[in-house]
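Hi,

Here is the structure I promised to pass on. Have a look at it first, and my notes on what turned up follow below.

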Amino acid sequence: MKRRETGDKGERIAAEYLSAHGYHILECNFRTREGEIDIVAESDGTLVFVEVRTKTSRNFGTPEESITVRKKARLIALAEAYIDGHDDAPASWRIDVVAIELGPGGKPARLEHIENATDWGMA
């Protein structure tokens, strides 16, 4: 599976997971000149920006370990850009990460949903 295919599959899995857990998906792949937000959702009146990380092996660490301090800062900037462009956005928001490891046949072997990921101790 190519890298883009792996990422697309992970985003579909994450969206299905979030929907099944009561999240309302507002947008996927929201783009600005600063970058892209994988999933924008709403849960209990909170706007949730979701970064999806999908890997097929742990050769270079877990999916969530691939998020650097620089990436965290960019995610915050992207979230703020989204809010600035959406007057109807809820006042409360956070950034989550959905980390997915795919096993044989591209089936999810592990899915970890980390809420408030910019507060979490990632790299």
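**What I found**

Start with the pairing of the first two strands: Cys-28 has Ile-39 in S2 as its bridge partner. Keep in mind that this is a predicted model. Confidence looks like this: the protein chain has a mean pLDDT of 89, with 96% of its residues at 70 or more. Among the elements, strand S2 (residues 35-43) has the highest mean pLDDT, 96, while helix H1 (residues 3-20) has the lowest, 90. The usual caution goes with that: coordinates should not be read in detail where pLDDT is low.

**The sheet**

The strands make up an open sheet of five, in the order S1-S2-S3-S4-S5, and the pairing is mixed. S1 and S5 are the edge strands, each pairing on one side only. On average, neighbouring strands of this sheet are turned by 25° against each other, ignoring direction.

S2 is a good place to begin looking around. On one side, strand S1 (residues 24-32) runs antiparallel to S2, and seven bridges join the two. The link from S1 to S2 is a hairpin of two residues. On the other side, five bridges connect S2 with strand S3 (residues 46-55), again antiparallel. Here Glu-42 has Leu-47 in S3 as its bridge partner, and Val-40 stands opposite Phe-49 in S3. The S2 and S3 hairpin also has two residues between the strands, and Asp-44 in that hairpin takes a positive phi near 50°.

How covered is S2? Mostly: seven of its nine residues are buried.

**The helices**

Two helices are worth finding on your screen. H1 packs on the sheet and touches S1, S2, S3, S4 and S5, with its direction at about 120° to that of S4. Helix H2 (residues 69-84) lies across S1, S2, S3 and S4, and runs at about 140° to S3.

**The salt bridges**

I think you'll enjoy this part. Searching the whole structure gives nine salt bridges. Take Arg-94 as an example. The side chain of Arg-94 meets that of Asp-96 in a salt bridge, 2.8 Å from N to O, and both of these residues are buried.

Arg-94 also forms a salt bridge with Glu-115, where the closest N and O atoms are 3.7 Å apart. Why does that pair tie together separate parts of the chain? Arg-94 is in strand S4 (residues 93-102) and Glu-115 is in the segment after strand S5 (108-114), so the pair links parts 21 residues apart in sequence. The two ends of this pair also sit in different accessibility classes. Arg-94 has 13% relative accessibility, so it counts as buried, given that buried means under 20%. Glu-115, at 45% relative accessibility, counts as partly exposed.

The other one to look at is Glu-112 with Arg-110, a salt bridge whose closest N and O atoms are 3.8 Å apart. Glu-112 counts as partly exposed because its relative accessibility is 35%. This pair belongs to a network: salt bridges that share partners join Glu-64, Glu-101, Arg-110 and Glu-112.

If you open just two views, I'd pick S2 with its neighbours S1 and S3, then Arg-94 with its partners Asp-96 and Glu-115.

Cheers

Key: Residues numbered from 1 in each chain as written. Predicted model: local features only at pLDDT ≥ 70, side-chain atom pairs only at ≥ 80, totals over all residues. Heavy atoms only, no water. pLDDT = per-residue confidence, 0-100. Helix = DSSP H or I, 4+ residues; strand = E, 2+ residues; numbered from the N terminus. Buried < 20%, exposed > 50% of the residue type's maximum accessible area, 1.4 Å probe, protein only. Pairing = 2+ DSSP bridges. Salt bridge = Lys/Arg side-chain N within 4 Å of Asp/Glu carboxyl O. Axes fitted to C-alpha atoms, helices over the stretch in contact; angles between N-to-C directions. Contact = heavy atoms within 4.5 Å.
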